[in-house]
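Please open the model in a viewer and keep the selection panel at hand. The tour below proceeds from one selection to the next.

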Amino acid sequence: MKRRFSKQIKIGKVKIGGNAPVTVQSMTSTPTKDVDATVGQINRLSDAGCEIIRVAVPDTEAALALKKIVAQISIPIIADIHFDHRLALLAMENGVNGLRLNPGNIGGKKKIKEIVSAARYQDIPIRIGVNAGSLEKTILKKFGHPTPEAMVESAMDHVRILEDLNFDLIKISLKSSNVNQMISAYRILSKKVDYPLHLGVTEAGTLISGTVKNSIGIGVLLSEGIGDTIRVSLTHDSVEEVKVAYEILKALGLRQRGIEIISCPTCGRCQIDLFKLAEEVENSLSNISAPLKVAIMGCVVNGPGEAREADIGVAGGQGQGTLFKKGKVIKKVAESDLADSLIKEVRKMDN
C-alpha cells in the first residue's frame, strides 16, 4: 500500500512520519508522581514493544517527578498537558521528549510563545490532540455536534497558532469513540496537512469491544496509507494495548514483531484439545520478539498444509500431532507433549 507523505519529526531518537515505520505508543495509568509505579509500568510496556510512552502531568509534583522517571526508562516520553503552560515548561525542563497539548486551550499568546520557544530550542515536537468529546464551545455552536468537519476545524485552528509562531514540529490526532467519525475526520485532515498523524479510537472500551473498534478504525486508515503512529485504547492492562497494536500492524504487513499464530476455530473433525494448546503456546511465547509464523492446526484436512506454510507448526491427529519446521516434518509427537515440543522449537528459533 502507498503511504501518505508526511513530514518527519523525532520523539527522542524515534522517527515519526516520512518513510519511518508506523510506531506503537501507549499511556501510563499510574499517578505520574509515583515514580516507582510509573517506571515499572513503562518498562513493562517497553518490554512488550511500546516505542513511545505518554504520561499525564496534572500538577507540579507530577512534572517534577519526570526527571527521575526519564533517568530510569529507555523509550521516549511525552507529557500530556492541559490548560497550564507552566506544567509544559516544567516538563521540558525535566527531560520529556514531546508534549501533547492544544495551544488554543493553554492561555494567551505570551504563554504559548514561551512553550514554543522552549520546544524549538530543545527540538521537542508538540502533538495537537483533538477529541470529539471536548471540542471548543464555539466549534460546537457552529456545527451543532462533534462532526468530523468540526474536529478538523478545531485541529486546524490549533495548527495555525503554532504555524504563526513559525513552529512546525507538529503531530496531530483526531480521536473519537465513534469509529466512522474518527475515520472520516482523519481522511479530511490528511488532505489538508502533511504533518504526521497519530491514530486512535478514544474510549474504545474493554478488551474485546475495544480491540474490534481499534482494529477497524486504525486498520482502515492504515490500509489507505494514512497514519504514522498509533495508540490502541483499551479499558485493560496497557500491555494488551501494545499487543493489539502489533497485531493490527502485522495483519496489514506493516510491522513484524513476535509470533503470529495461525490456528483454526475447530470443527467436528478436530481430534485434539486445540483451545488449550493454542492458549498455552500463545501465553508461553508472548515474550518472543522474532517475527515467526506459528501454525496450530486441529485436524488432518487443512492442518498439514497450513503448518507447512508457517515457519513452524503442529497439525493434530488422534491423540498425537506432527511437528513441522520450515515446511518439513520434524517428528510425530504425543498430544500431551505437543505444547512443550512446539514451545521449545520456537524458542530455539528466537536465539
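**The second largest pocket**

The second largest pocket has a volume of about 210 Å³. Select H82, F83, N102, N105 and S134: of the 13 residues that line this pocket, these are the closest to its centre. The coordinates on display belong to a predicted model.

Next, colour strand 7 (126-131) and helix 6 (148-164), each of which supplies at least two residues of the lining of the second largest pocket. The largest share, 3 residues, comes from strand 7. Colouring the lining by class should give 3 nonpolar, 8 polar and 2 charged residues.

**The largest pocket**

Move now to the largest pocket, in which about 840 Å³ of space lies. Its lining comprises 31 residues, and those closest to the centre are K243, E247, K250, I259 and E282.

Which elements each supply at least two residues of this lining? Select helix 1, helix 8 (207-223), helix 9 (238-251), strand 11 (260-263) and helix 10 (274-284) to see them. Helix 9 provides the largest share of the lining, with 9 residues. By class, the lining of the largest pocket has 14 nonpolar, 8 polar and 9 charged residues.

**Helix 1 against helix 2**

Helix 1, which supplies part of the lining of the largest pocket, leads to the next stop. Select residues 35-48 for helix 1 and residues 60-70 for helix 2; their axes come within 10 Å and cross at roughly 50 degrees. The two helices are therefore oblique to each other. Viewed as a pair, helix 1 passes helix 2 in a right-handed crossing.

Show side chains for V35, T38, V39 and I42 in helix 1, which meet A65, K68 and I69 in helix 2. This contact has 5 nonpolar, 1 polar and 1 charged residues.

**Helix 10 against helix 12**

Return to helix 10, another contributor to the lining of the largest pocket, and add residues 338-350, which form helix 12. At what angle do helix 10 and helix 12 pack? The angle is about 30 degrees, with the axes 10 Å apart. That makes helix 10 roughly parallel to helix 12, because angles under 35 degrees count as roughly parallel. Helix 10 passes helix 12 in a right-handed crossing.

Finally, display L277, E280, V281 and S284 in helix 10 together with L338, A339, D340, L342, I343 and R347 in helix 12, the residues through which the two helices meet. By class, the contact has 6 nonpolar, 1 polar and 3 charged residues.

Methods:
Residues numbered from 1 in each chain as written. Predicted model: local features only at pLDDT ≥ 70, side-chain atom pairs only at ≥ 80, totals over all residues. Heavy atoms only, no water. Axes fitted to C-alpha atoms, helices over the stretch in contact; angles between N-to-C directions. Helix = DSSP H or I, 4+ residues; strand = E, 2+ residues; numbered from the N terminus. Parallel < 35°, antiparallel > 145°, perpendicular 65-115°, else oblique. Left-handed = near helix turned anticlockwise from the far one by under 90°. Contact = heavy atoms within 4.5 Å. Nonpolar A, V, L, I, M, F, W, Y, C, P; charged D, E, K, R; others polar. 1 Å grid on protein atoms, 1.4 Å probe; cavity = no way out; pocket = protein on both sides within 12 Å on 5 of 7 lines; lining within 4 Å. Points joined across faces, edges and corners; volume = space filled by probe spheres on them.
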